[in-house]
Amino acid sequence: HVTTDPDQLLPEIDCLIDLTLPSATVTIAQAAANHRVPLLCGVTGLGPEEIAALEAASTVVPVRWSRI
């Protein structure tokens, strides 16, 4: 199932694997937390805003991300 709206996809999955771009990380992290879906983020080049979103999501669901 391909979509640009994570809210459509998340109710159907057990874990979200994000390999997109840093510009999508905040939205994806918020959606994963809202739907209580664990997140594996393989995006590199994250800035402070993206890392803060991942850290916030990690208070709700398991989150792992690249620190490169």
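Ser66 lies in the segment that follows strand S3 (63-65); helices (H or I, at least four residues) and strands (E, at least two) are DSSP runs numbered from the N terminus. The model is a predicted one, in which local features need pLDDT of at least 70 and side-chain atom pairs count only at pLDDT 80 or more, while totals for chains, interfaces and linings use all residues. Residues are numbered from 1 along each chain as its sequence is written, and side-chain values use heavy atoms, with hydrogens and water left out.

Ser66 has a relative accessible area of 18% and is therefore buried (under 20%, with exposed over 50% and partly exposed in between; 1.4 Å probe, protein chains only). Leaving aside residues up to four places away in sequence, Ser66 touches Cys41, Val43, Thr44 and Leu46, a contact being heavy atoms within 4.5 Å.

The strand before Ser66, S3, belongs to an open sheet of three strands with parallel pairing, in the order S1-S2-S3; two strands pair if DSSP finds at least two bridges between them. Strand S1 (16-18) and S3 are the edge strands, each pairing on one side only. Strand S2 (residues 39-41) runs parallel to S3 and is joined to it by three bridges, and Leu40 stands opposite Arg64 in S3.

Across S2 and S3 lies helix H3 (residues 48-57), which runs at about 150° to S3. Axes here are lines fitted to C-alpha atoms, for helices over the stretch in contact, and angles run from 0 to 180 degrees between N-to-C directions.
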